[in-house]
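Grab a viewer and work through these exercises at your own pace. Each one gives you a task, then walks through a solution.

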Amino acid sequence: MEEVLVEWAKAVHRENPVVDAHLDLAAEVYARRSFGERDVVERRYLPYFREAHLNVCVSSVFVPSKDLPERGLRVALGQIAALREDLEPVRDVICVVTNREELEDALQNGRIGILLSLEGLEPIGTDLDLLRAFSDLGVRGAGLTWSRPNAFARGCCKAGEMMEISGGLTMLGREAVAKLEELGMYVDVSHLNNDGFEDVVECAGKPFMASHSDAWSVHENYRNLRDDQIAALASRGGVIGVNACGTIAGASVYPRERAVDCLCRHVEHLVSVAGEEHVGFGFDLCNGLSASTPRLSFDEEEDDLLLNHGEMLTLSGALLGRGMSEDTLIGVIGGNFLRYFRRVLS
Ligand SMILES: [Zn+2]
């Protein structure tokens, strides 16, 4: 890529908020610390976060299926504890933020803020009251389920599969949406099946989001959103984070060195359907978690189209090179998700 585009992207990142709305950080930190590793975030992520001038990152709390149901609650709490322990030595530069005040404080003082979000409500079993406990721990968002059925909803199939899974939210799932909204937690529809999405549109009273999903029109994969779903989410004030997983984005038809073009097509399509204020990044970079946790039952390993957060600059440069305006890019790299989080957290 032309150096002038990378320099342009760097300047835009330096001067504007940069957000990644989905990273399985807590799960990886939990796994690595269980093997005795320390300073996981500082050594493996912080240099790249800095390179991209990242300001906010959402860490999922994701319990692998092998730990369900019995160990779900324990693993979720363990992940939150492990992440906080791991960040303690570097708390002046990167920390968990649990409310609007902490978010603004981090932004003003140049600290990277980590928001916590449950990727699936399995840790609470069927006990909705436990949502308040997670809220009190600082968890600010939740998807009802990962790509699997539970007491609240049915997930879509995994990225490497291709089958429609029917069945909407359960009664408990609808109650969970109401409870999340009451607690000031956002609802994340990535991983939800199509019937479930429809039910969320019907029962959600507040803007909901899709932290890490791409566009079905660009690549047919059940992890992705159809145009009518993109429009529905945007009309409710939500934001969609573009996923950099090769299987989900449909990158196999691109030569490796042009993989970023695949992501650009998703960004551009989402912007054209949702509008420029409703698109962001939720890269879902999984290579680190896959390497730390064997037998996770992900579909593919080493499938990330961006090898680290530093490569966000390549993506932003490519978007500028393809004709995206700087104003639109400013929203996409973080402005849109930041506005959404401010609204949810206040
Ligand atoms: Zn996911």
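**Exercise 1: a strand and its surroundings**

Why is strand β5 (residues 139-143) largely enclosed by the rest of the structure?

Solution. Keep in mind that you're looking at a predicted model.
- Step 1: go through β5 residue by residue, using under 20% relative accessible area as the cut-off for buried.
- Step 2: 5 of the 5 residues turn out to be buried, so β5 is largely enclosed by the rest of the structure.

**Exercise 2: following the sheet**

Work out how β5 pairs with β4 and β6, and how the chain gets from one strand to the next.

Solution.
- Step 1: β4 and β5 run in the parallel sense, paired over 4 bridges. For a landmark, find Leu-118 opposite Ala-142 in β5.
- Step 2: trace the chain from β4 to β5; the path goes through helix α7 (residues 130-136), and this β-α-β crossover is right-handed.
- Step 3: β5 also pairs with strand β6 (residues 186-188), again in the parallel sense, over 3 bridges. Here the landmark is Gly-141, which stands opposite Tyr-186 in β6.
- Step 4: going from β5 to β6, the chain passes through helix α8 (residues 171-182), and this β-α-β crossover is right-handed.

**Exercise 3: one serine in, one serine out**

Decide for Ser-117 and for Ser-252: buried or exposed?

Solution.
- Step 1: Ser-117 is part of strand β4. Its relative accessibility is 5%, so Ser-117 counts as buried.
- Step 2: check the company Ser-117 keeps. Skipping residues up to four places away in sequence, Ser-117 touches Val-58, Ser-59, Ser-60, Val-61, Val-139, Gly-141, Ala-142 and Tyr-186.
- Step 3: Ser-252 is in the loop between α11 and α12. With 74% relative accessibility, Ser-252 counts as exposed.
- Step 4: for a sense of place, Ser-252 and Cys-262 are 9.4 Å apart in space, C-alpha to C-alpha, and 10 residues apart in sequence.

**Exercise 4: the metal site**

Which residues coordinate the zinc ion, and through which atoms?

Solution.
- Step 1: the zinc ion is held by Glu-119 through OE, and by His-191 and His-212 through NE2, at 2.0 to 2.1 Å.
- Step 2: written along the chain, the donors follow the spacing E-x71-H-x20-H.
- Step 3: place two of them. Glu-119 sits in strand β4 and His-212 in the loop between α9 (194-203) and α10 (227-235), 93 residues apart, so to speak a link between distant parts of the chain.
- Step 4: Glu-119 and His-212 are both buried.

**Exercise 5: checking a helix**

Test helix α12 (residues 259-274) against the expected helix length, then ask what surrounds it.

Solution.
- Step 1: at 1.5 Å a residue, the 16 residues should span 22 Å; the end C-alpha atoms are 23 Å apart, which agrees.
- Step 2: 12 of the 16 residues of α12 are buried, which leaves the helix mostly covered. Among them are Asp-261, Cys-262, His-266 and His-269.
- Step 3: the cover over the buried residues of α12 includes α10, β7 (240-242), α11 (246-249), β8 (279-281), α14 (312-321) and α15 (326-345).
- Step 4: just past the helix, Gly-275 takes a positive phi of about 100 degrees.

**Exercise 6: a second covered helix**

How many of the 10 residues of helix α2 (residues 25-34) are buried?

Solution.
- Step 1: the count is 8 of 10, so α2 is largely enclosed by the rest of the structure. Arg-32, Arg-33 and Glu-28 are among the buried ones.
- Step 2: what covers them includes β1 (19-23), α3 (40-44), β2 (56-61), α5 (72-87), β4 (112-119) and α13 (287-292).
- Step 3: right after α2, Gly-36 has a positive phi of about 95 degrees.

**Exercise 7: the nonpolar cores**

Which residues have the most contacts inside the largest nonpolar core?

Solution.
- Step 1: this core has 93 residues, and the ones with the most contacts inside it are Leu-83, Ile-94, Leu-121, Leu-144, Phe-208 and Phe-281.
- Step 2: α12 gives the most to this core, with 9 residues.
- Step 3: apart from it lies another core, of 18 residues, with Val-19, Val-58, Ala-106 and Leu-338 among them.

Notes. Residues numbered from 1 in each chain as written. Predicted model: local features only at pLDDT ≥ 70, side-chain atom pairs only at ≥ 80, totals over all residues. Heavy atoms only, no water. Buried < 20%, exposed > 50% of the residue type's maximum accessible area, 1.4 Å probe, protein only. Helix = DSSP H or I, 4+ residues; strand = E, 2+ residues; numbered from the N terminus. Contact = heavy atoms within 4.5 Å. Donors = N, O, S within 2.8 Å, 3.2 Å for Na, K, Ca; no water. Expected span 1.5 Å × (residues − 1). Pairing = 2+ DSSP bridges. Right-handed = clockwise from strand over helix to strand, strands pointing away. Core = buried A, V, L, I, M, F, W, Y, C linked by side-chain atoms within 4.5 Å.
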